[in-house]
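The following exercises are to be worked with the sequence and the model side by side. Each task is followed by a solution in steps.

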Amino acid sequence: MNPLAGVTVHLLMLLALPPLLPGVIGRVKAWMAGRAGPPLVQPYRDLFRLLRKGAVYSRTVTWVFVAGPAVALASTFLAGLLLPLASGRAPMAFDGDLVLFAYLLGLGRFFTMAAALDTGSSFEGMGASREAAFSALAEPALFLALAALAMTTGRLSLSGILGGLDALPAAVPAILLSVAALGAVLLVENARIPIDDPATHLELTMVHEVMVLDHSGPDLAVIEYASAMKLFITSALLAAVAAPGLAGHPLGLAVGALVVAGTVGLVESVTARLRLPRVKQFLVGASALGAVALAAAVFTRGAA
Amino acid sequence: MSLVAAALSLGAVGAFFAALLRGRPAGGTAGFLGGLAACAIGAGAGFLLLVRNETSGAVIPWSSPFGALTFGIDPLSSFFLICIYVVGGLSLLYGRGYFPRARAGAAFAWMNVLVAAMAVVVIARDAVTFLVGWEVMFAASWLLVTFDDDEEARAAGFTYLVASQAGVILILILFGLLARHSGGVRFAAFAAAGAPPGVLASICFATALAGFATKAGLWPLHGWLPQAHPAAPSPVSALLSGVMIKMGIYGLLRTLTFLGPPPAAWGLALLVVGGLSALGGVLLALAQHDLKRLLAYHSVENVGIIALGIGIGMLGQATHAPRVAWAGYAGALLHTLNHGLFKGLLFQAAGAVGQSVGSRDLEKLGGLSRRMPATAVLFLVGAVAISGLPPLNGFVSEWLVYLAALREGTLAAQKGVAAAAILVVPLLALVGGLAAACFVKVFGVAFLGEPRTPAAAAARDAARPMRVAMALGAAACVAIGIAPAAALRLVAGPAAALSGTPLADADPALGALRNVSLGAALLLLVTLGLLAARRALLRRREVGAAPTWDCGYVQTTPRMQYTASSFAAPILEPFEGLLSLHARREGPEGYFPMHARDERHLEDPGEAIVRRMLRAVALVLSPLRALQRGPVQLYLLYVFLTLLALLLWQVPS
């Protein structure tokens with residue numbers, strides 16, 4: 001594929017596919033519960049409906065509230081440009097880009113939390129505080145897993161790592177453990193059960209959803225779209241690590257991401273949300289998995 | 001060299017007239033103008049010398065016991081000169097708006113002396129000149145810490161005095177050891193003598209680390225920092241946290257050039273110290289409610305990140321990986337400059353808040369974004385930068401440290417070194433996540449929402465010189481974030497000199513930085529595009545205004561907003577085992593509860609360690625108290641006996 005076509009396919013995937021993933025999750029959950037469930041394209045319809053609406057703003061808020069969704073979407077989109085979706089080399093790939101990837105997601109989170117605090121609502125502040133606590137603990141798990149993968153492949157860019165994962169039999173333990181850690185990070189980053197229940201109906205029990213209570217209309221559409229995109233890129237990353245060789249194959253990765261979404265739906269169907277104090281144990285457990293992955297990577301390095 | 005001399009003398013002249021005319025507006029003006037001119041020339045000279053990669057020196061003959069005063073400038077000195085004069089100039093500009101006219105003269109006088117003394121420290125080329133500069137720097141900063149003569153400042157001043165002098169003793173021992181080994185006090189002699197043999201080199205390194213870590217504020221020797229920096233007036237806090245603590249970093253780096261190629265163990269030692277500082281600093285910062293104290297703890301964190309960078313650089317040298325060493329040192333140096341810029345900015349914004357509201361307690365602020373719009377935006381820039389998030393400068397320097405750690409981890413042959421280096425990566429990630437959480441807390445609680453007190457509701461934006469100084473600092477943060485390759489040229493020279501790499505070998509990171517810069521520009525463009533699209537979408541639609549959704553409760557008050565302590569509580573909870581938390585709770589009781597309280601105090605475990613050390617020292621030295629009796633005659637006797645002893649010792653030979 002020539003570079004221009006590669007970038008076009010990459011952008012198409014990154015921009016068009018994300019809302020499909022929440023649709024798949026919803027469908028799988030409905031199916032597990034014996035219901036018919038909403039059509040797969042329901043999230044697209046929701047987005048367009050929200051985009052057509054007006055908006056209501058709190059009298060307390062400032063420009064930070066408006067900037068929050070825009071920064072969240074822009075940073076998630078940029079993080080998506082660092083993954084090798086359509087070809088073996090992402091549109092932006094360089095040594096150490098995995099740091100930029102994680103920090104871009106961090107930037108989006110920073111502004112989402114600031115926008116929540118901008119409303120002056122006690123509930124939204126509580127959501128922001130929980131999000132900050134969980135994400136700070138998820139960060140080492142993510143970096144431990146990525147460092148383990150960098151260690152096994154000897155490459156420092158996401159494209160290099162994901163492309164170099166195949167045919168390394170000695171690295172299998174490290175890769176499997178990294179997959180487990182990344183899976184846990186995916187659940188945290190995207191506010192899924194057992195960390196957070198996106199369908200909960202009580203403000204007091206929400207984490208991510210409560211932060212966006214006051215957003216409406218196009219702002220809410222941007223937020224929903226950004227979280228779908230985040231789900232897509234984290235799922236694609238997980239799929240590319242779990243099935244080495246998928247990186248750079250658009251169709252394979254798209255299917256892989258959908259399979260990850262289906263798995264998330266399965267997990268959500270069979271587990272209950274954890275109590276808040278348990279969430280931290282879950283996250284420390286994810287970091288422990290990442291640490292073991294890293295240890296395995298250090299010890300098997302050079303063996304393959 | 002002559003330009004730097006001009007900057008030094010201008011600063012001295014400014015300080016002299018400011019001190020002479022103190023108490024009168026003219027004194028403030030004289031000190032301000034002299035200092036600003038000095039800073040402009042000094043920063044310019046630093047840039048020029050660095051771009052030309054120039055080395056120069058000067059010797060002033062003096063009949064002191066240790067000979068002439070020696071000065072010299074190399075890329076490392078030039079780089080630190082830039083840090084000193086840029087942050088110094090911004091602090092002076094800010095101080096112009098901050099200090100009341102009557103007190104400005106005295107403040108500017110000492111600020112000028114402080115800036116000049118720091119410049120002397122980085123261009124000194126013999127131990128005596130270095131120590132003179134170091135002690136003048138301490139004296140000037142001590143006078144500025146105790147400038148607001150209140151209880152807080154006095155207590156802080158005393159702690160600072162003890163900590164600083166303890167550090168100086170260690171530095172004296174270090175120079176003594178080096179002078180004994182090399183047979184001279186000039187730095188050139190130290191370097192020419194080569195690494196001290198065997199274990200002596202490690203003793204020198206440990207002494208240097210302990211002595212300079214006290215100044216730099218590395219955990220657990222940081223105890224003075226969170227006391228002294230908040231006690232000082234805000235322009236001074238910016239100067240102290242922004243550059244003065246970096247003199248400790250400079251001292252350490254300069255000492256490393258005397259000790260030859262470092263063994264891996266030294267690098268590991270710095271990684272441990274840096275890691276503890278970074279994590280301890282950010283956790284303790286999260287627990288603070290006082291805006292300036294919180295920022296001071298973040299200085300401990302950031303100095304820890306700088307130490308991590310230096311540690312990785314040393315590991316790179318030890319494992320003969322020049323690219324690792326270069327990236328580590330470059331990251332550490334760039335973070336030194338970056339931290340000066342954003343910490344200066346944040347302290348200045350905190351000062352503006354304190355001056356306008358009359359309180360630095362986060363729980364008494366709120367809603368300042370509407371009342372102090374300029375300060376709020378500038379504080380947000382500083383907050384994003386210090387959290388290490390793209391597209392600002394903090395990300396660039398942290399990224400370099402990450403890159404060095406990843407390279408060392410994947411390249412190093414010894415598994416132990418590789419594991420230690422790679423562990424820096426998740427550690428930095430955790431620290432970064434916690435720092436972001438902390439600054440969301442600060443920005444959200446202080447500037448967003450509704451004002452929690454009438455004083456916060458009546459706040460006004462800062463005076464013009466203060467806003468200009470903050471805007472310049474913020475602009476520098478954005479510029480370095482968007483064009484990091486240009487900023488990297490500033491640190492390329494000194495990093496190459498420290499790591500012993502020729503410049504040409506150090507380039508691969510520059511290509512990657514072009515990507516970072518592209519990403520930053522794209523990020524800004526996409527964000528602005530989205531905002532424009534939103535505006536276009538909403539133009540012809542109904543846009544309503546309503547109170548914040550109250551979740552079905554009625555009559556919410558500003559006091560019911562989420563507080564800084566509540567925000568930080570769940571984040572700190574998993575770390576309670578590491579910190580000593582004293583909690584006192586009284587729950588509501590009975591059918592008609594009248595009161596309930598929940599108090600938490602976090603004690604700094606580092607301070608407990610230092611207190612135990614001091615107690616041990618006091619125990620050993622307590623027999624000497626018998627010498628202190630009081631009568632003057634007794635002291636005269638001591639003087640006489642000492643003289644006699646010296647004569648008896650010297651005369652026979």
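**Exercise 1. Backbone exceptions in chain B**

Pro220(B) is placed in the loop between α8 (199-216) and α9 (225-231) of chain B. Determine which residue is joined to Pro220(B) by a cis peptide bond, and find where Pro391(B) is placed.

*Solution.* The model is a predicted one. Most peptide bonds are trans. The bond between Trp219(B) and Pro220(B) is cis, with omega about 5 degrees. A cis bond also joins Pro390(B) to Pro391(B), again with omega about 5 degrees. Pro391(B) belongs to the loop between α16 (373-386) and α17 of chain B.

**Exercise 2. Positive phi, buried or exposed**

Classify Ala191(A) as buried or exposed, and do likewise for His320(B).

*Solution.* Step one concerns phi: most residues other than glycine have a negative value. Ala191(A), although not a glycine, has a positive phi of about 55 degrees. In His320(B), also a residue other than glycine, phi is positive and near 55 degrees.

Step two locates the residues. Ala191(A) lies in the loop between α8 (172-189) and α9 (208-211) of chain A. His320(B) lies in the loop between α13 (291-318) and α14 (322-357) of chain B.

Step three applies the cut-offs: 20 or more other C-beta atoms within 10 Å make a residue buried, and 12 or fewer make it exposed. Ala191(A) has 21 such atoms within 10 Å and is therefore buried. His320(B) has 12 C-beta neighbours inside 10 Å, so it counts as exposed.

**Exercise 3. The fold of chain A**

Establish why chain A can be called as compact as a globular protein of its length.

*Solution.* Begin with the content: chain A has twelve helices and one strand. Their order from the N terminus is α-α-α-β-α-α-α-α-α-α-α-α-α. The radius of gyration of chain A is 19 Å, close to the 19 Å given by the globule rule for 304 residues, so the chain is as compact as a globular protein of that length. Of these 304 residues, 64% are buried.

**Exercise 4. The interface**

Identify which helix of chain B gives the most residues to the side that touches chain A.

*Solution.* In total, 66 residues of chain B are in contact with 68 residues of chain A. The helix sought is α18(B), with 16 residues. The side of chain B that touches chain A comprises 42 nonpolar, 17 polar and seven charged residues. Finally, strand β1 (residues 55-58) of chain A runs parallel to β3(B), joined by four bridges. Within this pairing, Ser58(A) stands opposite Ala546(B).

Key
Residues numbered from 1 in each chain as written. Chains lettered and ligands numbered in written order. Predicted model: local features only at pLDDT ≥ 70, side-chain atom pairs only at ≥ 80, totals over all residues. Contact = placed C-beta atoms within 7 Å. Helix = DSSP H or I, 4+ residues; strand = E, 2+ residues; numbered from the N terminus. Nonpolar A, V, L, I, M, F, W, Y, C, P; charged D, E, K, R; others polar. Pairing = 2+ DSSP bridges. Rg over C-alpha atoms; globule rule 2.2 N^0.38 Å.
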